[in-house]
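This briefing goes through one protein chain, topic by topic. Please keep the sequence and the structure open while reading.

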Amino acid sequence: MNEVPPGSDFLDEGTVRPSDSWISDTSYWVPRHLVESAWLEHAPFAFWLVDAIRPAAIAELGTHNGFSYFVFCETIVRLGLPTRTFALDSWQGDDQAGFYGADVYENVSTINKTDYSAFSTLLRGYFDDSLDSIPDGSIDLLHIDGRHGYDDVRHDFEAWRPKLSDRGVVIFHDIAEHQEGFGVWQFWEELAVQFPSFAFDHGHGLGVLAVGSRVPPRLRAFFDAGVENADQIKEFYLGRGRAVAKEYRVSVQAAEVPALQAEVSALRSELQNAGLRVEEKEREIALHESERLGLVDQVNSLHHSTSWRLTRPLRLASDLVHRRRD
């Protein structure tokens, strides 16, 4: 376990190696808490980023089901960092992401209490409601993933910028979304020319921005590498992101197996019961057919009996009388 404390540089500025500038062992980690999320493909870079900047505190605006937030938290635990984290969300949803029930917050809260309560705080409500709860200059990593309109994301950035330290880094999700109602891409284009930055295109897009006056050396090296090797970096993290997304799909399929097995068992039981009912009906039909054939045999026997032949003249006479009356 690496014991380098948060807020300090992992390597001296002059000793940052090219490979350290954008890839490490953390880039190959697979998240422990895999849930459905538009953020799945950014988990490998998030692992690397927390490792690279060693933040004293992280704040996330827009947590939803907790995937990205718990990636940050997992990195802290696995690296043994004394980092504080804050997740901010109403946990009600909105007209862009969709509305959802209280079960989403309950699931996030349960995981947080079980695994990360020692350093993680969930702040339920609107983002601005918690501004007074977090000191200015205390946040080293800010993740903005709330409402995605231009005015919304600009407001979030400007409102929370005072909370950033001089090592502050901001990441924006959905910078590659250009559909109606999404303006993160536009705000990102304005910021990217003002600060050191890098943009990922996959997973709806992720923008990385260093707004502090002291850019962590490994992150500075990352930006420098991005100038020369942007395609290589993007391709690597796209591949790693797809591996995480595939792992999620496999986990979903594995979770579905017991349910599918139970469904198959129920269908077999139903078919077996149906088969028994069919057999019962077949027995009833056979019994009725047997009874019918028995009556036919009795009638045939009667027709061929001696008494039947002897009484034939009487039956004919009776028929003749009836016809004359008619």
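**Glutamate 177 and its surroundings**

Glutamate 177 sits in the loop that runs between strand E7 (164-173) and helix H5 (184-192). The model is predicted, and the points below cover this residue, the strands and helix H4, two buried aromatic residues, and the chain as a whole.

- Glutamate 177 is buried but has no salt bridge. The nearest side chain of opposite charge belongs to arginine 242, and that side chain is 14 Å away. A salt bridge would need a side-chain nitrogen of Lys or Arg within 4 Å of a carboxyl oxygen, so arginine 242 at 14 Å does not provide one for glutamate 177.
- Two polar contacts involve the side chain of glutamate 177: one of 2.6 Å to the side chain of histidine 204, and one of 3.0 Å to the side chain of glutamine 179.
- With neighbours within four places in sequence left aside, glutamate 177 is in contact with Phe182, Trp185 and His204. Histidine 204 is thus listed both as a contact and as a polar partner of glutamate 177.

**Strands E1, E6 and E7**

- Strand E6 (residues 139-144) is mostly covered, with six of its six residues buried.
- E6 pairs with strand E1 (residues 57-61) in the parallel sense, over four bridges. In this pairing, leucine 142 of E6 stands opposite alanine 59.
- E6 also pairs with E7 in the parallel sense, over five bridges. Here histidine 143 has isoleucine 171 of E7 opposite.

**Helix H4**

- Helix H4 spans residues 150-160, and its buried residues are Tyr150, Val153, Asp156, Phe157, Ala159 and Trp160.
- The cover over these buried residues includes the strands E1, E6 and E7. Strand E2 (84-89), helix H5 and strand E9 (206-210) are also among the elements that cover them.

**Two buried aromatic residues**

- Phenylalanine 172 belongs to strand E7. Its relative accessibility is 1%, so phenylalanine 172 counts as buried.
- Not counting residues up to four places away in sequence, phenylalanine 172 touches Val153 and Phe157, both of which are buried residues of H4. Its other contacts include Ile144, Val184, Phe187, Trp188, Leu191, Gly205, Leu206, Gly207 and Leu209.
- Phenylalanine 172 and aspartate 145 are 27 residues apart along the chain, and their C-alpha atoms are separated by 6.3 Å.
- Tryptophan 48 is part of helix H1 (residues 43-53). Tryptophan 48 has 0% relative accessibility and therefore counts as buried.
- From tryptophan 48 to tyrosine 28 the C-alpha to C-alpha distance is 8.9 Å, across 20 residues of sequence.

**The chain as a whole**

- The chain holds eight helices and nine strands.
- Of its 326 residues, 43% are buried.
- Among contacts between residues at least 6 apart in sequence, 79% join residues at least 24 apart.

**Confidence**

- The mean pLDDT of the chain is 84, and 71% of the residues reach 70 or more.
- Residues 1-18 have pLDDT below 50, and this stretch has 38 contacts in the model beyond near neighbours in sequence. Predicted coordinates should not be read in detail where pLDDT is low.

Technical notes
Residues are numbered from 1 along each chain as its sequence is written. This is a predicted model: local features need pLDDT of at least 70, side-chain atom pairs count only at pLDDT 80 or more; totals for chains, interfaces and linings use all residues. Side-chain values use heavy atoms; hydrogens and water are left out. pLDDT is the predictor's confidence in each residue, from 0 to 100. Contact means heavy atoms within 4.5 Å. Helices (H or I, at least four residues) and strands (E, at least two) are DSSP runs, numbered from the N terminus. Buried means under 20% relative accessible area, exposed over 50%, partly exposed in between (1.4 Å probe, protein chains only). Lys and Arg count as positive and Asp and Glu as negative; His and the chain ends are not counted. A polar contact is a pair of N or O atoms within 3.5 Å; within protein, one must be able to donate a hydrogen and the other to accept it, and residues adjacent in sequence count only if both atoms are side-chain atoms. Two strands pair if DSSP finds at least two bridges between them.
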